[in-house]
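User: I'm new to this model and would like to learn how to read the way helices pack. Could you walk me through it?

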Amino acid sequence: MTDLLGSPAVRMGLSVSIATGLYGISFGALGVTAGLTRWQTQALSALMFTGGSQFAFIGSLGGGGIAALAAASLLGIRNAVYGAQINATLTPRGPLRPLMAHITIDESFATAMAADGDAEQRRGFWTAGVGVWLLWNLFTFVGAWVGNAMGDPKMWGLDGAAVAAFLGLLWPRLRSKDAAGLAVLCALLTVLAVPFAPPGIPLLLAGLVAVVIHLIRRRSFDKRVDADCDPSGDVGTVR
Amino acid sequence: MSLWGWILVASAVAFATKLVGYLLPAAWLDSEGFGRASSALTIALLSALVATNTFASGQALALDSRVLALAAAGIALWRELPFLAVVIIGAAVAALGRLAGLP
């Protein structure tokens, strides 16, 4: 146990779990307010288990079930990208995959990617994934029963905690100038896209742009290297 | 379909979406190109998460106490404070902003 708590990824995962889990109170309260029963609200947290999509689902229910389904599904597409990366990084065995898929969310992905080395990444993923699931469901339950008695979670600064947590998870990756530049560019693009695209899509757009930039730069770099090595070029005849 | 029906269908879609990533052929993921692109993708997704969590309010942009939380977290990280301290500082600064009457 002391071994586990000595792991930076586990401690990071626990911090993330508490910060995110507490937000479940607001989901529980909002779910009941939106007209779901307490158990329907709880089912979304246990089964859908991807916060953004859950809020989108209850927020779009006014437009009917199909609107709620569309909004939640669109917002969840990013989880497929996370899944592919977790799968490539941690290469889990067959039977574990469905379980890992269920706990693949912003927080478990980000905690895994922020950790150093295979074992730490694995610990980070599981701690944040299982930790958020447990606390998110516990606090959804509390929120659905106690309702709005606790007040607005914003007054407790919980949205500020989420901002700080994601910046903390990004931070270790910004050591090079290139990485920092890419991060700033993607953040800007995301902010610009927010008013024009449904929630969840700006994030995918930033990911797509990053991959395209990466591919273009890689190609021009390869070309430069090829030109330098070209035996028919001037370089070879200087001597 | 009943509300329960929509909840179960939407949950099934959410799970299937998550699972798709795990079912991609391993050969695709082993290639060197994927590894390098994946690192760029991770930075992009994380910085987009920071951006939406700070500035997005549904589909609108908002400047509120979360911006103060972002700045405070940035300073805390620059001073190399531990992760938990960074998260607590982010929450405290946003809560103080609201206490001071900011949105």
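User: Is the crossing of helix 9 of chain A and helix 10 of chain A left-handed or right-handed?

Analyst: In this predicted model, helix 9 of chain A crosses helix 10 of chain A in a right-handed way.

User: What angle and what distance describe how these two helices of chain A pack?

Analyst: The general idea first: a pair of packed helices is described by the angle between their axes and by the distance between those axes. Here, helix 9 (residues 106–114) of chain A packs on helix 10 (residues 118–146) of chain A at about 160°, and the axes are 7 Å apart. Angles over 145 degrees count as roughly antiparallel, so helix 9 of chain A is roughly antiparallel to helix 10 of chain A.

User: Which residues meet there?

Analyst: From helix 9 of chain A, look for A:Glu107, A:Ser108, A:Thr111, A:Ala112 and A:Ala114. Among their partners in helix 10 of chain A are A:Gly124, A:Phe125, A:Ala128 and A:Val132. By class, this contact has 5 nonpolar, 5 polar and 1 charged residues.

User: How many helices and strands does chain A have?

Analyst: Chain A has 13 helices and 0 strands. Of its 239 residues, 48% count as buried.

User: And how many residues does each chain give to the contact between chain A and chain B?

Analyst: Chain B gives 63 residues and chain A gives 76. On the side of chain B that touches chain A, helix 3 of chain B gives the most, with 20 residues. That side of chain B divides into 45 nonpolar, 14 polar and 4 charged residues.

Notes. Residues are numbered from 1 along each chain as its sequence is written. Chains are lettered from A and ligands numbered from 1 in the order in which they are written. This is a predicted model: local features need pLDDT of at least 70, side-chain atom pairs count only at pLDDT 80 or more; totals for chains, interfaces and linings use all residues. Two residues are in contact if their C-beta atoms, placed from the backbone, lie within 7 Å. Helices (H or I, at least four residues) and strands (E, at least two) are DSSP runs, numbered from the N terminus. Ala, Val, Leu, Ile, Met, Phe, Trp, Tyr, Cys and Pro count as nonpolar, Asp, Glu, Lys and Arg as charged, and the others, Gly among them, as polar. A residue is buried if 20 or more other C-beta atoms lie within 10 Å of its own, exposed if 12 or fewer, and partly exposed in between; C-beta atoms are placed from the backbone. Axes are lines fitted to C-alpha atoms, for helices over the stretch in contact, and angles run from 0 to 180 degrees between N-to-C directions. Angles under 35 degrees count as roughly parallel, over 145 as roughly antiparallel, 65 to 115 as roughly perpendicular and the rest as oblique. A crossing is left-handed if the near helix is turned anticlockwise from the far one by less than a right angle, and right-handed if clockwise.
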